[in-house]
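Hi everyone, thanks for coming. I'd like to walk you through a structure today, so please have the sequence and the 3D view in front of you.

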Amino acid sequence: RVLHSGGEGEGWFDDKLLAMPVVLPPDEEAGRSKWLMWYYGRSGEEWAKGNKAFLPTGVSGIAESPDGLNWNRVKGHLPGGAIMVPSEE
């Protein structure tokens, strides 16, 4: 399953756009058996203080894969399942 915007439905931080993936392969020495991907996503057209949003700005998320081809989002603890959000400043 290819990761794409809106793949989990409305309410996720990346339901509008996603981009800029950084992928790490499994690492047995580190005890990690799956592929990991960090990426930017966005659910709207505006950024902090009402500024127009543009990529690669966005909220950060993570996905994992057993084979590097089929990806599943990992729901983060922040709104919309994000793992990091930018400052409102």
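Let me start with a bit of vocabulary: a residue is buried when its relative accessible area is under 20%, exposed when it is over 50%, and partly exposed in between. Take Glu-64 as a worked case: its relative accessibility is 27%, so Glu-64 counts as partly exposed. Please also keep in mind that what you see is a predicted model.

Now the overall picture. The protein has 4 strands and 0 helices, and along the sequence that reads as β-β-β-β. Its C-alpha atoms fill a box of roughly 45 × 25 × 20 Å along the principal axes. The accessible surface comes to about 5,800 Å², with 56% of that belonging to carbon and sulfur atoms. Of the 89 residues, 27% count as buried. And if you look at contacts with a separation of 6 or more, 48% of them are between residues 24 or more positions apart.

How are the strands arranged? The 4 strands form an open sheet in the order β1-β2-β3-β4, with antiparallel pairing. β1 and β4 are the edge strands, each pairing on one side only. From one strand to the next, the twist averages 35°. As a reminder, strands of a sheet pair through backbone hydrogen bonds, either parallel or antiparallel.

Let's step across the sheet. β1 and β2 are joined by 6 bridges, and one example is Leu-24, whose bridge partner in β2 is Leu-36. Moving on, 7 bridges join β2 to β3. Here Leu-36 turns up again, standing opposite Glu-64 in β3. Met-37 has Ala-63 as its bridge partner in β3, and Trp-38 stands opposite Ile-62. Ile-62 then takes us to the next strand, since you will find Val-74 as its bridge partner in β4. Between β3 and β4 there are 3 bridges, and these two strands also run antiparallel. The hairpin they make has 6 residues between the strands, and in it Gly-68 takes a positive phi near 80°.

Next, the inside. Which residues make up the largest nonpolar core? There are 9 of them: Leu-3, Trp-12, Phe-13, Met-37, Tyr-39, Val-59, Ala-63, Trp-71 and Ala-82. The elements that give two or more residues to this core are β2 and β3. You may remember Met-37 and Ala-63 as bridge partners; both are in this core. β3 itself is mostly covered, with 6 of its 7 residues buried. In general, nonpolar side chains tend to be buried together in soluble globular proteins.

Now for the charged side chains. How many salt bridges does the structure hold? It holds 3. Let me begin with Arg-73, whose side chain meets that of Glu-8 in a salt bridge, at 3.7 Å from N to O. This pair links distant parts of the chain: Arg-73 is in strand β4, Glu-8 is in the segment before β1, and they are 65 residues apart. Is Arg-73 buried or exposed? Arg-73 is buried, because its relative accessible area is 11%, a value under the 20% cut-off. Glu-8, with 32%, is partly exposed.

Arg-73 also forms a salt bridge with Asp-14, at 2.7 Å from N to O. Asp-14 lies in the segment before β1 and Arg-73 in β4, so this pair ties together parts that are 59 residues apart in sequence. Asp-14 has a relative accessibility of 1%, so Asp-14 counts as buried. Put these together, and Glu-8, Asp-14 and Arg-73 are linked in a network of salt bridges.

The remaining salt bridge brings us back to Glu-64, whose side chain meets that of Lys-34 at 3.3 Å, N to O. Glu-64 lies in strand β3 and Lys-34 in the loop between β1 and β2, so the pair ties together parts that are 30 residues apart in sequence. We already placed Glu-64 as partly exposed. Lys-34 is partly exposed as well, with a relative accessible area of 35%.

So, what would I like you to take away? Picture an open antiparallel sheet of 4 strands, a nonpolar core of 9 residues, and a salt-bridge network of Glu-8, Asp-14 and Arg-73. Thanks for listening!

Methods
Residues numbered from 1 in each chain as written. Predicted model: local features only at pLDDT ≥ 70, side-chain atom pairs only at ≥ 80, totals over all residues. Heavy atoms only, no water. Salt bridge = Lys/Arg side-chain N within 4 Å of Asp/Glu carboxyl O. Buried < 20%, exposed > 50% of the residue type's maximum accessible area, 1.4 Å probe, protein only. Pairing = 2+ DSSP bridges. Axes fitted to C-alpha atoms, helices over the stretch in contact; angles between N-to-C directions. Contact = heavy atoms within 4.5 Å. Areas by Shrake-Rupley, 256 points an atom, 1.4 Å probe, with all protein chains shown as cover. Core = buried A, V, L, I, M, F, W, Y, C linked by side-chain atoms within 4.5 Å.
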